[in-house]
Amino acid sequence: VGLAPAHAQPALPPEGQGYRRVAKPVRHDTPEGKIDVVEFFWYGCPHCYAAEPHLAEWLENKPAEVSFRRIPVTLNRGWEVLARAYYTAEALDVLDRVHPALFAALHEQQRTLNTVDELAAFFAEVADVDEAAFRQAYASLEVASRVQQADVIARRYAVRSVPAMAVNGSYMTDPELAGGYAAMVEVVQALVRKEHEATPDSNGK
């Protein structure tokens with residue numbers, strides 16, 4: 001259901017060549033019948049920026065059974081500012097506008113967005129967010145908790161570089177393993193099909 005014809009599906013490479021198995025599978029509160037797909041990223045990462053068009057294209061027609069989410073990682077403390085920006089945009093319901101704009105500002109316009117003041121002005125510019133509302137959300141316990149949860153999840157997956165993608169808590173891939181940005185997304189699609197076919201009710205049972 002929701003998958004393209006078999007002839008259009010990328011082949012799944014051998015384990016260890018295009019993806020790796022997660023040593024201790026990570027369980028998420030995924031809706032029943034859904035396959036969890038996670039992208040780990042950081043806004044300042046040029047490789048994440050390069051992967052974004054390929055991921056965006058896949059998301060336009062992703063399988064109906066996929067539950068997708070992004071997790072901004074904090075591999076060092078300097079990354080936390082932009083991780084907070086992600087969850088602030090989510091809390092203020094402006095993520096659709098802020099997410100692509102942040103990537104563009106950092107990688108196309110070479111802007112510096114490392115402080116609360118810079119981000120408050122940026123949110124006002126690209127998403128018409130009141131600066132006081134931004135500051136309140138950015139400093140909220142909710143956003144702090146989401147950043148902390150993201151850090152825990154990234155550690156469970158043993159994420160050491162970005163971008164990286166996980167499927168159903170059991171498999172990980174990245175551009176190096178897969179052989180490129182487009183190939184990473186193709187491996188994700190193949191893993192989704194693998195997991196879908198392994199689901200007891202995938203054939204209508």
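**Buried cysteines, a five-stranded sheet and two nonpolar cores**

With 6% relative accessibility, Cys 45 counts as buried. The model discussed here is a predicted one, and the pair of cysteines formed by Cys 45 and Cys 48 makes a handy place to start. Cys 48 is likewise buried, at 0% relative accessibility. Searching the whole structure turns up zero disulfides. Cys 45 takes part in none, although the nearest cysteine sulfur, belonging to Cys 48, is 3.1 Å away. Why is the sulfur of Cys 48 not bonded to that of Cys 45? The separation of 3.1 Å is too far for a bond, because a disulfide requires the two sulfur atoms to be within 2.5 Å.

Turning to the sheet, five strands form an open arrangement in the order E1-E5-E4-E2-E3, and their pairing is mixed. Strand E1 (20-21) and strand E3 (66-72) are the edge strands, each pairing on one side only. Helix H1 (residues 46-60) packs on this sheet and touches E2, E3 and E4; the direction of H1 makes about 160° with that of E3. H2 also packs on the sheet, where it touches E2 and E3, and its direction makes about 140° with that of E3.

Within the sheet, E2 pairs with E3 in the parallel sense, over seven bridges. In this pairing, Phe 40 stands opposite Ile 71 of E3. E2 is largely enclosed by the rest of the structure, because seven of its seven residues are buried. This holds for both faces of the strand: one side carries Ile 35, Val 37, Glu 39 and Phe 41, the other Asp 36, Val 38 and Phe 40, and all of them are buried. As a reminder, side chains in a regular strand alternate between the two faces of the sheet.

Elsewhere in the sheet, E4 and E5 run antiparallel and are joined by three bridges. Val 167 has Tyr 171 of E5 as its bridge partner. Strand E5 (residues 171-173) also contains Thr 173, which counts as buried at 1% relative accessibility. A polar atom of the Thr 173 side chain lies 2.7 Å from the backbone oxygen of Gly 18. Neighbours within four places in sequence aside, Thr 173 is in contact with Gly 18, Tyr 19, Ala 164, Met 165, Ala 178, Met 184, Val 187 and Val 188.

What does the nonpolar interior look like? The largest nonpolar core has 46 residues, and those with the most contacts inside it are Phe 40, Tyr 43, Leu 102, Leu 119, Phe 123, Tyr 157 and Val 162. Several elements each supply at least two residues of this core, among them strand E2 (35-41), helix H2 (80-91), helix H4 (116-127), helix H6 (141-156) and strand E4 (164-167). The largest share, seven residues, comes from H3. Tyr 43 illustrates how these parts meet: beyond its neighbours within four places in sequence, Tyr 43 is in contact with Leu 82, Tyr 86, Leu 95, His 99, Leu 102, Phe 103, Leu 106 and His 107. A second core, separate from that one, has 17 residues, including Tyr 19, Val 37, Phe 68 and Met 165. In soluble globular proteins, nonpolar side chains tend to be buried together.

Technical notes:
Residues numbered from 1 in each chain as written. Predicted model: local features only at pLDDT ≥ 70, side-chain atom pairs only at ≥ 80, totals over all residues. Heavy atoms only, no water. Core = buried A, V, L, I, M, F, W, Y, C linked by side-chain atoms within 4.5 Å. Buried < 20%, exposed > 50% of the residue type's maximum accessible area, 1.4 Å probe, protein only. Helix = DSSP H or I, 4+ residues; strand = E, 2+ residues; numbered from the N terminus. Contact = heavy atoms within 4.5 Å. Polar contact = N/O pair within 3.5 Å; in protein donor to acceptor, adjacent residues only side chain to side chain. Pairing = 2+ DSSP bridges. Axes fitted to C-alpha atoms, helices over the stretch in contact; angles between N-to-C directions.
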